[in-house]
Amino acid sequence: MPSASQSCAPFEVELLVLPGFSMMALSATIEPLRSANRISGEQRYTWLVTTPGGGMVTASNGLGIAATAFGQHGRSALTIIVASLGIEEFRTPSVLYALRQRRSGPMSVGAVSNGSLILGRAGLLRGRRATIHWEMQAALADEFPDSEVVDKLFTIDREVMTAGGGTAGLDMMLAFIAMRDGREIAGEVAEQFLHGPPREGGEAQRLDTRLRYKITNPHLLRAVAIMERSLAEPVRIGRVAELVGVSERQLERCFETAFGMSPSDFYMELRCKAARRRLLDTTDSLETIAELTGFSSPGHFSRAFKAWSGVPPSVLRKRSAAMDVGTMQETGDAT
């Protein structure tokens, strides 16, 4: 990625957005470029938004934006895929081919949120470190074992850059601006967005366990970490207690004090929450979701999920598909 001093021409960034994209992820990617232009007093960056076929493309919040047809503009210096929900089955050959063509020359590619899946399907993550939103990290690692999937805010591995989504896209673009225009301008851009010091890409996406659950007991922290790492293959509570160095009864008291529930109930809640995310955000079958969250069969999964949430998983998925959340009326008022 050339520095600004190497070229007087504006650096063009193409944002390839797919239906269901995150508006926050798109804004976090574009706005730092606009701000860098304003702070520098020069047009250092230009950008355009594209989508397969062109026309209006709808974000996950129901808002639509107009986009140019992908592939009709030419090749930008950097193409970043912005994608979020509903892309598990996206494998459009023409799009994947065009992305490979971009990487065949000096151009760079990137992805924000779940767009990393598309880079992988285009064969552009092979032998690269990459990240994706934490909910999809296991899926990315399973589909592309020849890539190193990391739980980081963002990665820049040679000509490929990926961010976990949300505000991580802002941090990735700040690092990109720092590489091209220097840390001073990147710092001023961060200040414009009240962002504070730019975060390093090596930071983990999720809050530390002690912050997420507001717990400090070291035995409890280790027990929760074991459970979160072992959703697909649940560990017996007695074995969890053994691994953290306490008796099963002592572990039960710790969970009752901290969470008001038993370790078994807490573990079941973790698994059901993971299943709910997959029900709402993927097209995985109930059988696949059951397997990924440690249930012996779809039937076992359905019974446990209904006991936890009050509705069977199939009903939750149908309700989600039928909801028209965030769409706009013709008057412009939110429904």
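The backbone nitrogen of R129 sits 2.8 Å from a polar atom of the D157 side chain, a convenient place to enter this predicted model. D157 belongs to strand 9, which spans residues 154-157. With a relative accessibility of 13%, D157 falls under the 20% limit and therefore counts as buried. Once neighbours within four places in sequence are set aside, the contacts of D157 are G127, R128 and R129.

Strand 9 leads directly to the sheet. Eight strands make up an open sheet in the order 3-4-2-1-5-6-10-9, and their pairing is mixed. The edges are taken by strand 3 (55-58) and strand 9; each has a single partner strand, so one side of each is left without a neighbour in the sheet. From one strand to the next, the twist averages 30°. In a regular strand, side chains alternate between the two faces of the sheet.

It is helpful to follow the order inward from the strand 3 edge. Strand 3 pairs with strand 4 (residues 64-69) in the antiparallel sense, over four bridges, and G55 stands opposite A67 of strand 4. These two strands form a hairpin with five residues between them. In its turn, G62 has a positive phi of about 95°. Strand 4 also runs parallel to strand 2, to which two bridges join it; here T51 has A69 of strand 4 as its bridge partner. Strand 2 in turn pairs with strand 1 in the parallel sense over six bridges, and E14 has L48 of strand 2 as its bridge partner.

How enclosed is strand 1 by the rest of the structure? Six of its seven residues are buried, so strand 1 is largely enclosed. Just beyond, the loop between strand 1 and helix 1 holds S22. This serine has a relative accessible area of 16%, and is buried because that value is under 20%. A polar atom of the S22 side chain lies 3.3 Å from the backbone nitrogen of M24. For the backbone nitrogen of A25, the distance to a polar atom of the S22 side chain is 3.1 Å. Leaving out neighbours within four places in sequence, S22 touches S60, V82 and S84.

The contact between S22 and V82 provides a link to the nonpolar interior. Beyond its neighbours within four places in sequence, V82 is in contact with L15, L16, V17, L18, F21, S22, A25, L26 and V112. V82 is also listed, together with L15, F21, L26, I80 and M172, among the residues with the most contacts inside the largest nonpolar core, a group of 37 residues. At least two residues of this core come from each of strand 1, helix 1 (23-40), strand 2, strand 4, strand 5, strand 10, helix 5 and helix 6 (183-192). Helix 5 supplies the largest share, eight residues. Apart from this core lies another, of 26 residues, which includes L99, A111, L117 and L124.

Helix 5 (residues 168-181) also has a broad set of strand contacts to consider. It lies across strand 1 (11-17), strand 2 (45-51), strand 5 (78-83), strand 6 (108-113), strand 9 and strand 10 (160-163). Relative to strand 10, helix 5 runs at about 145°.

Further along the chain, the unreviewed UniProt entry annotates residues 221-319 as "domain: HTH araC/xylS-type". In the model, this span is 75% helix and 0% strand, and its end C-alpha atoms lie 35 Å apart. One residue in this part of the chain, M227, is placed in helix 8 (residues 218-229). Is M227 buried or exposed? Its relative accessible area is 0%, so M227 is buried. Setting aside neighbours within four places in sequence, M227 is in contact with I237, F255, P263, F266, Y267 and L270. M227 and M268 are separated by 41 residues in sequence, while their C-alpha atoms are 9.6 Å apart in space.

Definitions and conventions
Residues are numbered from 1 along each chain as its sequence is written. This is a predicted model: local features need pLDDT of at least 70, side-chain atom pairs count only at pLDDT 80 or more; totals for chains, interfaces and linings use all residues. Side-chain values use heavy atoms; hydrogens and water are left out. Buried means under 20% relative accessible area, exposed over 50%, partly exposed in between (1.4 Å probe, protein chains only). A polar contact is a pair of N or O atoms within 3.5 Å; within protein, one must be able to donate a hydrogen and the other to accept it, and residues adjacent in sequence count only if both atoms are side-chain atoms. Contact means heavy atoms within 4.5 Å. Two strands pair if DSSP finds at least two bridges between them. Axes are lines fitted to C-alpha atoms, for helices over the stretch in contact, and angles run from 0 to 180 degrees between N-to-C directions. A nonpolar core is a set of buried Ala, Val, Leu, Ile, Met, Phe, Trp, Tyr and Cys residues joined through side-chain atoms within 4.5 Å. UniProt positions are given in the numbering used here, feature names are shortened, and annotations may be inferred rather than shown by experiment.
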